[in-house]
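Please open the structure in your viewer and keep the selection tool at hand. The tour below proceeds stop by stop, naming what to select and what is found there.

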Amino acid sequence: MKIRNRFTLISSFTFSIVFIIASIITYFSFYSYSEKIMYNELQKTCLLTGIFYLEKDELPENQHLIIGQQFKENSLEIVTRVYNKQNEIVYGEKKHDKNITPERLDYIRKNRKLSFKSKHHFYFGSYYHDNQGDFVVFVKKNDVEFKTITNRLLIIMILVLIIGLVIIYMVSRKLSNLAYSPIKNIVDQVNEIEASSLDRHIISPNTKDEIQELIETYNNLFKRLSDTFVIQKNFINYVSHEFKTPLTAISGNLEVFAQKERTSAEYKEMSEKVLENVYQIEDTLNTLMMLSGLRDNTELNEVFRVDELVWDINDQLPDVHQLNDSQIQIALEVTNDKLLSIKGNSNEIKIALYNIIENAVKYSNGNPIKISLLQQDNQLKIVIEDHGTGISENDLKFIKQTFYRGKNVDDIKGSGVGLSLANIIFKQNNIHFTITSKKDEGTTVTLLFPPL
């Protein structure tokens, strides 16, 4: 069942239940109140009957005439009877009433009054003491008028319920269509999105409710899917490029080597070349495995000093990039030595730091690089600054994506893996990693390490 149909049915059902309960309470309250009014009127008529019949000898004639007039007005459609001690009818309607039994007459003499209802009449009886003796006055009235009023009320309530259900169904249907409209719009837009257009965002109606949250969730999902497809495409290109060069070198060397007999020295030289290319392929595979999170973090809880990693990297880079001694400047400004010790995977963090510092070297255009180890809010902070190529504003937001390379670094060798790999490692080790940069001015990388 569709949501809008379910909403309409639930609204209609809820209204009908509430209205039926309210109607039942209203009906029985009115019924009970009407009965009370009826008995009060009969009680007044009962008293007036006793005065009219039994006080004639004691009242002045003019007063009795007034009482008689009131009695006639109030006793219309009302049957009156006055019983003596022998339960004989002495005044009023002489015909015996089967509902007025001796037991009820005795009950009134003991308890002073009694009211009850038969199938078609209301009865009220009261005890009346007079100088002529003790009497019981009984009055009864047909319930036709009472039933007419209550039945009319019942019919009105049923009609209101039916009309109300029709109206609430129509209103609920309209409201459900309005409420479902943004969802239908989302469904239509999602159906139009294909694999080639995953970067297309769903247009938001800015409802500032759960639907808005749903749209934002969808857009984030599609963005991640789009990024995944881009990464997959770049991954294929990267693997093809990285594997093609060493594999071509291996196959080429082996083809040339197989053309004639070789000396032991040539065999050794060829083996070294092949092994070098094999090691390059192995290194690439290890990088990809680490990037995909397939390697185990066996040393995650190791405690080590970060400054020692920085000095080790400083010793390695000159051999790789032929740097002079003054190009990398390290400033240690930490007064609390305990902050230099952290817990994590030292090998992975060293790889991540190496990639960051190596990038600073590669894109510094030969300018000095400064690595500052600072103390901030009882935490270790490392700032790596270069004054080289820099990163454009458009490239900066994508720079942590796998295989992504800025548009202004095409002439510099690289694969686009270093920053994304470093980003993954820093996240796994709870290290806060930020990059700020300006094109042609330089780049600043800030790392904030958790305390031990």
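Begin with the entire protein chain, displayed as a surface: about 27900 Å² is exposed, and carbon and sulfur atoms supply 55% of that area. Please bear in mind that this is a predicted model. Of the 452 residues in the chain, 37% count as buried. Now change to a cartoon view, in which the secondary structure comes to 10 helices and 12 strands. Contacts also tell something about the chain: among those between residues at least 6 apart in sequence, 64% join residues at least 24 apart.

**First stop: a nonpolar patch**

Select F7, I155, L159, I163, I167, V171, L175 and L178, and show their side chains. Together these residues form a nonpolar patch on the surface, with about 750 Å² of accessible area. Which helix supplies the largest share of the patch? The answer is helix α4, residues 144-192, from which seven residues come. Next, select F7 by itself; this member of the patch is found in helix α1, which covers residues 3-54. F7 has a relative accessible area of 38%, so it is classed as partly exposed, the class that lies between under 20% (buried) and over 50% (exposed).

**Second stop: the hairpin of β1 and β2**

Move to strand β1 (residues 78-83) and strand β2 (residues 89-92). The two strands run antiparallel and are joined by three bridges. To see one pairing, select R81, whose bridge partner in β2 is G92. Then follow the chain through the turn: β1 and β2 form a hairpin with five residues between them. In that turn, select N87, which has a positive phi of about 60°.

**Third stop: β3, β4 and β5**

Select strand β4, residues 121-130. Is this strand largely enclosed or largely open? Seven of its 10 residues are buried, so β4 is largely enclosed by the rest of the structure.

Add strand β3, residues 113-117, to the selection. β3 pairs with β4 in the antiparallel sense over five bridges, and a hairpin of three residues joins them. Within this pair, F116 stands opposite Y123 in β4.

Now add strand β5, residues 133-142. How many bridges link β4 and β5? There are 10, again in the antiparallel sense, and the hairpin formed by β4 and β5 has two residues between the strands. Select G125 and look across to β5, where F138 stands opposite. While the side chains are displayed, recall a general rule: in a regular strand, side chains alternate between the two faces of the sheet.

**Fourth stop: Q212**

Select Q212, which has its place in helix α5, residues 210-257. Its relative accessibility is 12%, and therefore Q212 counts as buried, the cut-off being under 20%. Add P182 and draw a distance between the two C-alpha atoms: they are separated by 9.3 Å, while the residues are 30 apart along the chain.

**Final stop: N429**

Finally, select N429, in the loop between α10 (418-428) and β11 (432-438). Is N429 buried or exposed? With a relative accessible area of 5%, N429 is buried. Display its side chain together with the backbone of I425: the side chain of N429 reaches the backbone oxygen of I425 at 2.8 Å.

Terms used:
Residues are numbered from 1 along each chain as its sequence is written. This is a predicted model: local features need pLDDT of at least 70, side-chain atom pairs count only at pLDDT 80 or more; totals for chains, interfaces and linings use all residues. Side-chain values use heavy atoms; hydrogens and water are left out. Patches are made of residues with over 30% relative accessible area and no salt bridge: like charges are joined within 9 Å, nonpolar side chains (Val, Leu, Ile, Met, Phe, Trp, Tyr) within 5 Å. Accessible areas come from the Shrake-Rupley method with a 1.4 Å probe; for residues, only the protein chains shown count as cover. A salt bridge is a side-chain nitrogen of Lys or Arg within 4 Å of a carboxyl oxygen of Asp or Glu. Helices (H or I, at least four residues) and strands (E, at least two) are DSSP runs, numbered from the N terminus. Buried means under 20% relative accessible area, exposed over 50%, partly exposed in between (1.4 Å probe, protein chains only). Two strands pair if DSSP finds at least two bridges between them. Contact means heavy atoms within 4.5 Å. A polar contact is a pair of N or O atoms within 3.5 Å; within protein, one must be able to donate a hydrogen and the other to accept it, and residues adjacent in sequence count only if both atoms are side-chain atoms.
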